[in-house]
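Q: Please take a close look at one part of this structure and the residues around it. Start with the charged pairs, then work inward.

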Amino acid sequence: MSYDPTAHLLLTPIDQEAPHRVRRLRQLGIGEQPDPVFDRFADRLAELTRAPYTMVNFIDENRQFFAGLHTPDGVGAGADPVGAAAGAGAGAVSRYMNRDHGYCPHVVVRRKALVLEDVCDYPRFAGNPVVDEIGIRSYLGAPLIDRTGVALGTICVVDTEPRPWGRAGLETIKAMAAELVEQIHRREDGVI
């Protein structure tokens, strides 16, 4: 992990697995284009958690790509994937995000689910750009670890209000991540 000596806050963690992850994502044919299956999964996740924003997120060396995206107004899902990384306005959520924004890069490197009921309660996460740029206040995410042991990305839900996710939220996000990984495996095996 890297540290900013002036701010004394944990920055985006170093991701040694990124090159291997990119190769695996290319092998699977996912992570570069919006995918209606992943959009439907994000919609289902939003319905299940009642969260305004949900994502199926694949991460490379430089950026995050939301192959599945649910937003309250539908903006971003199926739309031109430029958005926040290209300077969209405050509150904008789109298909691309810089790798140093958000909490999913931490989940991928840690290889464990992350529950932040109020990001402002955690100094190392409160200063993340998504707090000011998008208004994120709460996060729940889990890694997508495939059969080869590669953390392909994450699924996550976020809200602009603090949320008491609790154990039920943690169990839900982990179960949904496992379900999506199985779906990816079935796709790879030609079952879907």
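A: A salt bridge here is a side-chain nitrogen of Lys or Arg within 4 Å of a carboxyl oxygen of Asp or Glu. By this rule the predicted model has 15 salt bridges. Side chains of opposite charge can pair when their charged atoms come close.

One of these bridges leads to the part to look at, helix H2, which covers residues 36–49. Glu179 pairs with Arg44, and their closest N and O atoms are 2.7 Å apart. This bridge links distant parts of the chain: Glu179 belongs to helix H6 (residues 166–188), Arg44 to H2, and 135 residues separate them. Both ends are partly exposed. Arg44 has 39% relative accessibility, so it counts as partly exposed. Glu179, at 31%, also counts as partly exposed.

Now the helix itself. H2 has 14 residues, which should span 20 Å at 1.5 Å a residue. Its end C-alpha atoms are 20 Å apart, so the two values agree. Asp35 caps the N-terminal end: one of its side-chain oxygens lies 2.8 Å from the backbone nitrogen of Val37. After the helix comes Arg50, with a positive phi near 60°.

Next, the two sides. Buried in H2 are Phe38, Asp39, Phe41, Ala42, Leu45, Ala46 and Thr49. These residues cover an arc of only 160° around the axis, so they sit on the same side of H2. An α-helix has 3.6 residues a turn, so residues three or four places apart point the same way. Pro36, Arg40, Glu47 and Leu48 are exposed on the other side of H2. The cover over the buried residues includes strand S3, strand S4 (63–70), strand S8 and helix H6.

Take Thr49 as the close-up. Thr49 lies in H2. Its relative accessibility is 11%; buried means under 20%, so Thr49 counts as buried. The Thr49 side chain reaches back to the backbone oxygen of Leu45, at 2.8 Å. Leaving out residues up to four places away in sequence, Thr49 touches Thr54, Val157, Arg163, Trp165 and Thr172.

One of those contacts, Arg163, brings back the charged pairs. Arg163 forms a salt bridge with Asp159, the closest N and O atoms being 3.0 Å apart. Both Asp159 and Arg163 are buried. Compare the bridge between Arg26 and Glu32, with closest N and O atoms 3.2 Å apart. Arg26 has 37% relative accessibility, so it counts as partly exposed. Glu32, at 39%, counts as partly exposed too.

Strand S8 is part of the cover over H2, and it deserves its own look. S8 spans residues 151–159, and nine of its nine residues are buried. S3 (residues 53–59) runs antiparallel to S8, and six bridges join the two strands. Val56 has Ile155 of S8 as its bridge partner. Strand S7 (residues 138–145) is also antiparallel to S8, with eight bridges between them. Leu144 stands opposite Gly153 of S8. The S7 and S8 hairpin has five residues between its strands, and Gly149 takes a positive phi near 90° there.

To recap: the buried residues of H2 lie on the same side of the helix because their arc is only 160°. S3, S4, S8 and H6 are among what covers them. Arg44 of H2 pairs with Glu179.

How values were computed
Residues numbered from 1 in each chain as written. Predicted model: local features only at pLDDT ≥ 70, side-chain atom pairs only at ≥ 80, totals over all residues. Heavy atoms only, no water. Helix = DSSP H or I, 4+ residues; strand = E, 2+ residues; numbered from the N terminus. Buried < 20%, exposed > 50% of the residue type's maximum accessible area, 1.4 Å probe, protein only. Polar contact = N/O pair within 3.5 Å; in protein donor to acceptor, adjacent residues only side chain to side chain. Contact = heavy atoms within 4.5 Å. Pairing = 2+ DSSP bridges. Expected span 1.5 Å × (residues − 1). Arc of directions from axis to C-beta.
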